[in-house]
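Student: Could you take me through the aromatic pairs in this one, slowly and close up? I'd like to see how the rings sit and what surrounds them.

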Amino acid sequence: MNRLFKTILPAVMVLTAGFSHAQQGSNKIITLIVPTTPGTGSDIAARLIAPRLSKRLGQPVIVDNRTGASGTIGIGAVAKAAPDGNTVLFVPNTMAMISSLNKKLPWDPVNDFAPVARIGKMLVSVVVSPSLSVKSLEQLIALAKSKPGQLNYASPGSGTPHHLRSEMFKQITTTEIVHVPYKGSAGAVVDLVGGQVQIGLFPLHSVLPMVAAGKLQMLATSGESRSHWTPEVPTFRESGIKGLNDYDWVGVFLPRATPKEITNRLSRELLAIVALPEVQEELAKSGIIANPGGPEDLAALLKKELVEWKKVIDDGHIVAE
């Protein structure tokens, strides 16, 4: 009997905690772990949602930027966290990339996480230093082909969406452009403005101030049609580039063993928050397009992109730097 009691007690405690969390709230702090630096799409979304989520759940909610190793440290912290709903991952599409780039990760994007909600998506742009003296994407590609290996592009680090999308761009355009990884977006953009590096594929919102100030030139944006933020800038499709992954995204995950009651409750609350007009407006001010979806939608997106980015990595023989 004692052995049976010891076996079932942990399961009962988890379920009891889950129902308590879902129905009553508590003083237990919920931590939204963001594996990217402040000011990134995931960080912006997490900080906008946190106070509203706190109010709806009746629990304190904080944001913790757990950066390092291209996001793997923060992601890993959630994989190892107690499956009680109190440690939540707000993550960009790095989630679909890094496992194919680094074969020795201590976590798996599918087996170690429970998808909760899809929050939003961000358009991507290609920007160049004004010193490069090109006025269109077609001119940039022609210049890169005439100088193989002589131009370089900046990214916030190996395995980031910026890095792998740039490699996808190189594969589509058959150009040789050298990768220069930085420790975060800030340094990459500063050197791009200064001309130490020439090219960058960055989320549109993150470089708009520099473009508006004339410190960077935007040559193209992703998406099916021109962005209302930059109606004068053509899309990649208009510039003859087809097949480039269009969006960065923000998704929310919990540890895989989290009880369904907790996962579903958190999903409902997050989607209700993202559906609020004022939240969508605030997201849009930061260049994030609200794109709410439930656990199944996020799981399908992750599955699709795991295949897509693995192909880019394999075809390009890309390794972690």
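Tutor: Searching the whole structure, which is a predicted model, turns up two aromatic pairs. Start with tryptophan 107 and phenylalanine 113: their ring centres are 5.9 Å apart and their planes meet at 85°, so this pair is edge-to-face. The cut-off behind that label is an angle over 60 degrees. Both tryptophan 107 and phenylalanine 113 are buried.

Now stay on phenylalanine 113 and look to its other partner. Phenylalanine 113 also pairs with phenylalanine 253, again edge-to-face, with 6.3 Å from centre to centre and 75° between the planes. Here the sequence positions are worth a look: phenylalanine 113 belongs to strand 4 (residues 113-128) and phenylalanine 253 to strand 9 (residues 247-255), so this pair ties together parts that are 140 residues apart in sequence. As for exposure, phenylalanine 113 has 0% relative accessibility, so it counts as buried. Phenylalanine 253 counts as buried because its relative accessibility is 0% as well. Put the two pairs together and you get a cluster of Trp107, Phe113 and Phe253, linked by ring pairs.

There's another ring to click on while you're here, this time with a charge involved. The charged end of lysine 121 sits over the ring of tyrosine 247, at 4.3 Å from the ring centre.

Next along the chain, have a look at helix 9. Helix 9 covers residues 260-274, 15 residues in total, and its first and last C-alpha atoms are 21 Å apart, close to the 21 Å expected at 1.5 Å a residue. If you colour helix 9 by burial, the buried residues are Ile262, Thr263, Arg265, Leu266, Ser267, Glu269, Leu270, Ile273 and Val274.

Last stop: the empty space. A whole-structure search comes up with one cavity of 30 Å³ or more, and the largest cavity has a volume of about 30 Å³. Around the largest cavity you'll find Tyr153, Ser166, Phe169, Lys170, Ile177, Ile199 and Leu201 as the lining. By residue type, that lining splits into five nonpolar, one polar and one charged. Helix 6 (161-173) and strand 7 (199-203) each give the lining at least two residues, and helix 6 has the largest share, with three.

If you only save one view, make it the ring cluster: Trp107, Phe113 and Phe253, joined by ring pairs.

How values were computed: Residues numbered from 1 in each chain as written. Predicted model: local features only at pLDDT ≥ 70, side-chain atom pairs only at ≥ 80, totals over all residues. Heavy atoms only, no water. Phe/Tyr/Trp six-rings, centres within 6.5 Å; stacked < 30°, edge-to-face > 60°. Buried < 20%, exposed > 50% of the residue type's maximum accessible area, 1.4 Å probe, protein only. Helix = DSSP H or I, 4+ residues; strand = E, 2+ residues; numbered from the N terminus. Lys NZ or Arg CZ within 6 Å of the ring centre and 35° of its normal. Expected span 1.5 Å × (residues − 1). 1 Å grid on protein atoms, 1.4 Å probe; cavity = no way out; pocket = protein on both sides within 12 Å on 5 of 7 lines; lining within 4 Å. Points joined across faces, edges and corners; volume = space filled by probe spheres on them. Nonpolar A, V, L, I, M, F, W, Y, C, P; charged D, E, K, R; others polar.
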